[in-house]
Amino acid sequence: MNQIARVVNVFSTPYEAWSYRQSTDEEALSLCQKGYSLAESFTTKDKLLEEVSNHVQAAARMLREGADNALERHIDKALSASSEYRDLRNLMPSNVPQALSAYQAEFSEADLSAADSAIKAIGVTMPNGQFLFHGGLWPLGVQTFTTTRPFSTSFCPQVARRNAEWKSKAYDAGRIDLMVVHVIQPQTKAYAYSRDGDLGNEKEVVFATGAQLTLTRETHIADVTASKVGPHYETLKRTVPAYLLEIDIS
């Protein structure tokens, strides 16, 4: 029987980005009394810079800022506290199939077919309304296409942006595409990897082949720096546009 998961919303509690200032003696003492470490008590929140309450806002912030480890920690904490995420992981087999372990570790062409078969055999249908992130390149001039290889997504926009930059993809392409992926009338099974182990930080959900992707909106967010290691091991840099793409997947 095809099993259906529940929506995991890592922004059910909004993420807040703050500026910080040095704590007064009284503030430091109060923080220590609340259980904060001595190092943590040296600074205190000053001004609320931004509140992120949905995935589109999170992707836009990641494209503007380039990195935000506090945002990723917020997502890790949200997943740890989420009964929906816990239920999703409980729908996965207790041991990762070798084909999916190899696919995540090596991401080679040779692993694609076996990984796809494993997803279709043991995966679940992600819930209608689930949001995820994907970093890559959308084919220019195309509004809808059907995947012919497993499609990897993450609960975290920082992970997705790093994937968009991996192996100089953004530099070579002359752009960054960070996609907010919205599950609509799902037809394709997916596998949610564990957050344990060397690659647990990926917070990955991979969809089987045959998923239909539809571009619903493209927004230029910022111009950012992309880099590449040159032929003499020098660092090459160029300014490229960064786009937020809203994608439906079924």
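**Entry 1: Gly 141**

I began with Gly 141, which counts as exposed at 86% relative accessibility. The model I consulted is a predicted one. I located Gly 141 in the loop that links strand 4 (131-136) and strand 5 (144-146). I then looked up the separation between Gly 141 and Ser 194, which stand 53 residues apart along the chain; their C-alpha atoms are 36 Å apart.

**Entry 2: His 74**

I turned next to His 74, a residue of helix 3 (residues 69-81). Is His 74 buried or exposed? I found a relative accessible area of 16%, and because buried means under 20%, His 74 is classed as buried. I also asked which residues His 74 touches once its neighbours within four places in sequence are left aside. The contacts I noted are Val 10, Phe 11, Thr 13, Pro 14 and Tyr 15.

**Entry 3: helix 3 against helix 7**

I stayed with helix 3 and examined its packing on helix 7. The axes of the two helices lie 9 Å apart, and the packing angle is about 125 degrees. Helix 3 is therefore oblique to helix 7. From helix 3, I listed Asn 69, Leu 71, Glu 72 and Ile 75 in the contact; from helix 7, I listed Pro 157, Gln 158 and Val 159. Sorted by class, the residues of this contact are four nonpolar, two polar and one charged.

**Entry 4: helix 2 against helix 7**

I then checked helix 2 (residues 55-65) against helix 7 (residues 157-165). Their axes come within 9 Å and cross at roughly 50 degrees, and the two helices are therefore oblique to each other. I recorded the crossing as right-handed. Helix 2 contributes Ala 58, Ala 59, Met 62 and Leu 63 to the contact, while helix 7 contributes Pro 157, Gln 158 and Arg 161. I entered the classes in this contact as five nonpolar, one polar and one charged. I noted that Pro 157 and Gln 158 of helix 7 appear in the contact with helix 2 and in that with helix 3.

**Entry 5: helix 6**

Finally, I looked at helix 6 (residues 112-122). Which of its residues are buried? I found Leu 112, Ala 115, Asp 116, Ala 118 and Ile 119. Viewed down the axis of helix 6, the buried residues fall within an arc of 160 degrees, so they line one face of the helix. On the other side of helix 6, I found Ser 113 and Ala 121 exposed. I then asked what covers the buried residues of helix 6. The cover includes helix 5 (98-106), strand 8 (189-192) and strand 9 (204-207).

Conventions:
Residues numbered from 1 in each chain as written. Predicted model: local features only at pLDDT ≥ 70, side-chain atom pairs only at ≥ 80, totals over all residues. Heavy atoms only, no water. Axes fitted to C-alpha atoms, helices over the stretch in contact; angles between N-to-C directions. Helix = DSSP H or I, 4+ residues; strand = E, 2+ residues; numbered from the N terminus. Parallel < 35°, antiparallel > 145°, perpendicular 65-115°, else oblique. Left-handed = near helix turned anticlockwise from the far one by under 90°. Contact = heavy atoms within 4.5 Å. Nonpolar A, V, L, I, M, F, W, Y, C, P; charged D, E, K, R; others polar. Buried < 20%, exposed > 50% of the residue type's maximum accessible area, 1.4 Å probe, protein only. Arc of directions from axis to C-beta.
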